[in-house]
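Please open the structure in a viewer and keep a selection tool at hand. The tour below proceeds stop by stop, stating what to select and what is found there.

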Amino acid sequence: GRGVYRWVRNGSRPAEAAPCYGWEASDTAPPPGKAAEIHDIQRFWGGLWAPADGRAPDLSAWLWPLDRLSAFPQLRPLRGPELAGIVKGTCKSKAPGADGWCYAELADWPPRLFEARAQLLNLVEERQKWPDGAWEKVVCMLPQGGTSAPDDRRPIVLLSVLYRVWAAERAGYMKRWLAHNGVLRVGEETLCIASDNLFAGK
């Protein structure tokens with residue numbers, strides 16, 4: 001592509017080292033520069049994600065609407081061509097995953113590699129446990145209003161591309177199941193809308 005052409009035309013350039021801001025929570029001195037922003041963000045949002053009492057959140061209040069839905073259908077085993085189709089239909093400029101892969105790279109995978117991934121994902125569904133490497137996630141704190149205030153951020157979580165491809169393929173089952181139960185109606189596409197309808201008792 002264009003990147004390869006520029007590399008051939010201009011020659012290689014030495015890689016620039018990314019800035020690294022290090023600071024230990026036990027340090028008594030305030031962190032310098034960008035590390036101060038990171039420290040403030042961790043303190044503000046950490047209280048929400050990791051309460052001081054260490055107790056896991058009680059999710060039972062969120063699960064009761066599911067009791068009125070029918071049993072989830074049996075999943076058909078995944079196949080390599082289905083995963084390849086998901087990758088082909090996904091915008092290649094999407095952010096890479098926490099596993100280091102990006103969609104443009106997956107688009108170059110041979111069919112046999114997609115088939116191997118399908119077998120891995122089928123095993124994950126059978127055992128209901130993800131490999132540690134595929135379950136890594138990165139939380140990005142996106143600025144909202146243009147300030148550096150910790151609460152002026154929107155957290156998004158980048159999951160592994162392997163997980164995202166699996167979720168995109170299985171989303172079809174979820175939508176059909178929700179439509180069957182009357183939670184997701186004609187013209188409503190996203191699972192967020194279905195969740196709102198479900199908790200609103202619609």
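Does Ser-160 count as buried or exposed, and what is its relative accessibility? Select this residue in the loop between β2 (153–159) and α7. The model is a predicted one, and in it Ser-160 counts as buried because its relative accessibility is 0%. Now display what surrounds the residue. With neighbours within four places in sequence left aside, Ser-160 is in contact with Gly-97, Ala-98, Asp-99, Ala-134 and Glu-136.

**The whole chain**

Zoom out and colour by secondary structure. The protein has eight helices and two strands, and from the N terminus on the order of elements is α-α-α-α-α-α-β-β-α-α. Colouring by accessibility instead, one finds that 23% of the 202 residues count as buried. The accessible surface comes to about 14,600 Å², and carbon and sulfur atoms hold 58% of that surface. For a contact map, take the contacts with a separation of 6 or more: 61% of them are between residues 24 or more positions apart.

**Helix α4**

Select residues 80–88, which make up helix α4. Which residues of this helix are buried? They are Gly-80, Glu-82, Leu-83 and Val-87. These residues lie on the same side of α4 because the arc they cover around the axis is only 165 degrees. Rotate the view to the other side of the helix, where Pro-81 and Lys-88 are exposed. Next, add the elements that cover the buried residues of α4, which include α5 (103–106), α6 (111–127) and α7 (161–180).

Remain on Lys-88, which has its place in helix α4. Its relative accessible area is 72%, so Lys-88 is classed as exposed. A distance label is useful here: the C-alpha atoms of Lys-88 and Tyr-103 are separated by 8.4 Å, while the two residues are 15 residues apart along the chain.

**The nonpolar cores**

Return to Leu-83 and show its contacts. Apart from neighbours within four places in sequence, this residue is in contact with Leu-78, Phe-114, Arg-117, Ala-118, Leu-121 and Val-165. Leu-83 also belongs to the largest nonpolar core, which has 17 residues. Which members of this core touch the most other members? Select Leu-78, Leu-83, Leu-106, Leu-121, Trp-130, Val-165 and Trp-166. Each of α4, α5, α6 and α7 supplies at least two residues of this core, and the element that gives the most is α7, with five residues.

Then select Trp-177, Leu-178, Val-183 and Leu-184, which are among the five residues of a second, separate core.

**Aromatic rings**

Show the aromatic side chains as sticks. A pair of aromatic rings is described by the distance of the centres and the angle of the planes. With ring centres within 6.5 Å as the condition for a pair, the count comes to seven aromatic pairs. One of them joins Trp-101 and Trp-109, an edge-to-face pair with 5.2 Å centre to centre and 90 degrees between the planes. The next ring to select is Phe-114: its centre is 5.3 Å from that of Trp-109 and the planes are at 55 degrees, so this pair is tilted. Trp-101, Trp-109 and Phe-114 together form one aromatic cluster.

Where do the three rings stand in terms of accessibility? Trp-101 counts as partly exposed because its relative accessibility is 32%. Trp-109 counts as buried, at 13%, and Phe-114 is buried as well, with a relative accessible area of 6%.

Proceed from ring pairs to a charge over a ring by selecting Tyr-173 and Arg-176. The charged end of Arg-176 sits over the ring of Tyr-173, at 5.1 Å from the ring centre.

**A backbone detail**

For the last stop, select Gln-128, in the loop between α6 and β1 (137–143). What is the sign of phi at Gln-128? Phi is positive, about 55 degrees, although Gln-128 is not a glycine. Gln-128 counts as exposed because its relative accessibility is 73%.

Technical notes. Residues are numbered from 1 along each chain as its sequence is written. This is a predicted model: local features need pLDDT of at least 70, side-chain atom pairs count only at pLDDT 80 or more; totals for chains, interfaces and linings use all residues. Side-chain values use heavy atoms; hydrogens and water are left out. Buried means under 20% relative accessible area, exposed over 50%, partly exposed in between (1.4 Å probe, protein chains only). Helices (H or I, at least four residues) and strands (E, at least two) are DSSP runs, numbered from the N terminus. The arc is that of the directions from the helix axis to the C-beta atoms. Contact means heavy atoms within 4.5 Å. Rings of Phe, Tyr and Trp (its six-membered ring) pair if their centres lie within 6.5 Å; planes under 30 degrees apart count as stacked, over 60 as edge-to-face and the rest as tilted. A charge sits over a ring if NZ of Lys or CZ of Arg is within 6 Å of the ring centre and within 35 degrees of the ring normal. A nonpolar core is a set of buried Ala, Val, Leu, Ile, Met, Phe, Trp, Tyr and Cys residues joined through side-chain atoms within 4.5 Å. Accessible areas come from the Shrake-Rupley method with a 1.4 Å probe; for residues, only the protein chains shown count as cover.
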